[in-house]
Amino acid sequence: MGRLESFKQRGRNRQNRKRRPIIVIGCEGNNKTEEIYFKNFNSRKCIIKFSTGNSTDPVGIGSDLLNFIDKEIGREDDDKYYVVLDTDVNQNKQDQIDKAKKLAMDNGVEFITSTPTFEYWYRLHLGYTTKVYHSSEEVQNDIKDKIKGYTKSMNTYPVLREKTDNAIKNAKKVEKHHLDLGQALDNENCNPYTAAYKVVEELIKRNI
């Protein structure tokens, strides 16, 4: 086989070779907290990508993710897709959250919320609590009391990594707490709450 034919054959082999599975995460365009954290799970076994777009509203974040999948990634059976967003509090955006959840579920995307903020996932590494938070700043101040030098842009994973199993258990316990009270999840009144553990469990499984 000549060099040109050999080159063409290698190209065909690459085209036919199935790519590695990808985890695609869509989060708020101007909020890098989630991206900083989840990037720590990138490995040869697990490719993590974040959808592009600058949307800050729940429906826009979901739409950005779907556009990114369709135009940049394509869909394969072993891929997983997540919308990860904060419900916040006193923002009157429950209607947007409900629409975004339906958009996600109708398109094979898992819908992951945290109330009031994703940083509550960090807090659960440091102990179980169902204390109601009235703002994202309250969560951050709670963490600052336990992690010296904590800032919103800090990569907390190296500090919290050994406590991940504990955080997963605490998050599931909080979820059960709300369900036992008859409280709907993915709702700003479900405070505090985070489903971030579902993404983390999947990423850990992919890296085993």
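This is a dialogue about reading the fold of one protein chain, taken from a predicted model.

Reader: Where should I begin, and how many helices and strands does the protein chain have?

Author: A count of elements, followed by their order, is a good start. In this predicted model the protein chain has nine helices and five strands, and along the sequence they follow the pattern α-β-α-β-α-β-α-β-α-α-α-α-β-α. The C-alpha atoms fill a box of roughly 70 × 35 × 30 Å along the principal axes.

Reader: In what order do the five strands stand in the sheet?

Author: The order in a sheet has to be read from the pairing of strands. Here the five strands form an open sheet with the order β2-β1-β3-β4-β5, and the pairing is mixed. Because β2 (47-50) and β5 (193-194) each have a single partner strand, they stand at the edges, and one side of each is left without a neighbour in the sheet.

Reader: Which helix packs on the sheet, touching β1, β2 and β3?

Author: That is helix α3, made of residues 58-73, whose direction makes about 150° with that of β1 (22-26).

Reader: In what sense do β1 and β2 pair, and over how many bridges?

Author: For each pair of strands, one can look at the sense, the number of bridges and then a residue that marks the alignment. β1 and β2 pair in the parallel sense over four bridges, with Ile22 standing opposite Ile47 in β2. β1 also runs parallel to β3, to which four bridges join it, and there the bridge partner of Ile23 is Lys80 in β3. Strand β3 (residues 80-86) in turn pairs with strand β4 (residues 110-115) in the parallel sense over five bridges, and Leu85 stands opposite Thr113 in β4.

Reader: Which helix makes a β-α-β unit with β1 and β2, and what is the hand of that unit?

Author: The helix is α2 (residues 33-38), and the unit it makes with β1 and β2 is right-handed.

Reader: Is β1 mostly covered or exposed?

Author: For a strand, it helps to look at its two faces in turn. β1 is mostly covered, as five of its five residues are buried: Ile22, Val24 and Gly26 lie on one side, while Ile23 and Ile25 lie on the other. Across the protein chain, buried residues make up 48% of the 208 residues.

Reader: Which residues touch the most other members of the largest nonpolar core?

Author: A core can be read by its members and by the elements that supply them. The largest nonpolar core has 36 residues, among which Tyr37, Phe38 and Trp121 touch the most other members. Helix α9 (residues 196-207) gives the most to this core, with five residues. Leaving aside residues up to four places away in sequence, Tyr37 touches Phe118, Trp121, Tyr122, His125, Thr156, Tyr157 and Val200. There is also a second, separate core of 17 residues, which includes Val24, Leu65, Ala104 and Phe111.

Reader: What share of the contacts with a separation of 6 or more joins residues 24 or more positions apart?

Author: Such residues account for 73% of those contacts in the protein chain. As for the surface, the protein chain exposes about 11200 Å², of which carbon and sulfur atoms supply 46%.

Definitions and conventions. Residues are numbered from 1 along each chain as its sequence is written. This is a predicted model: local features need pLDDT of at least 70, side-chain atom pairs count only at pLDDT 80 or more; totals for chains, interfaces and linings use all residues. Side-chain values use heavy atoms; hydrogens and water are left out. Two strands pair if DSSP finds at least two bridges between them. Helices (H or I, at least four residues) and strands (E, at least two) are DSSP runs, numbered from the N terminus. Contact means heavy atoms within 4.5 Å. Axes are lines fitted to C-alpha atoms, for helices over the stretch in contact, and angles run from 0 to 180 degrees between N-to-C directions. A crossover is right-handed if, with the strands pointing away from the viewer, the path from the first strand over the helix to the second runs clockwise. A nonpolar core is a set of buried Ala, Val, Leu, Ile, Met, Phe, Trp, Tyr and Cys residues joined through side-chain atoms within 4.5 Å. Buried means under 20% relative accessible area, exposed over 50%, partly exposed in between (1.4 Å probe, protein chains only). Accessible areas come from the Shrake-Rupley method with a 1.4 Å probe; for residues, only the protein chains shown count as cover.
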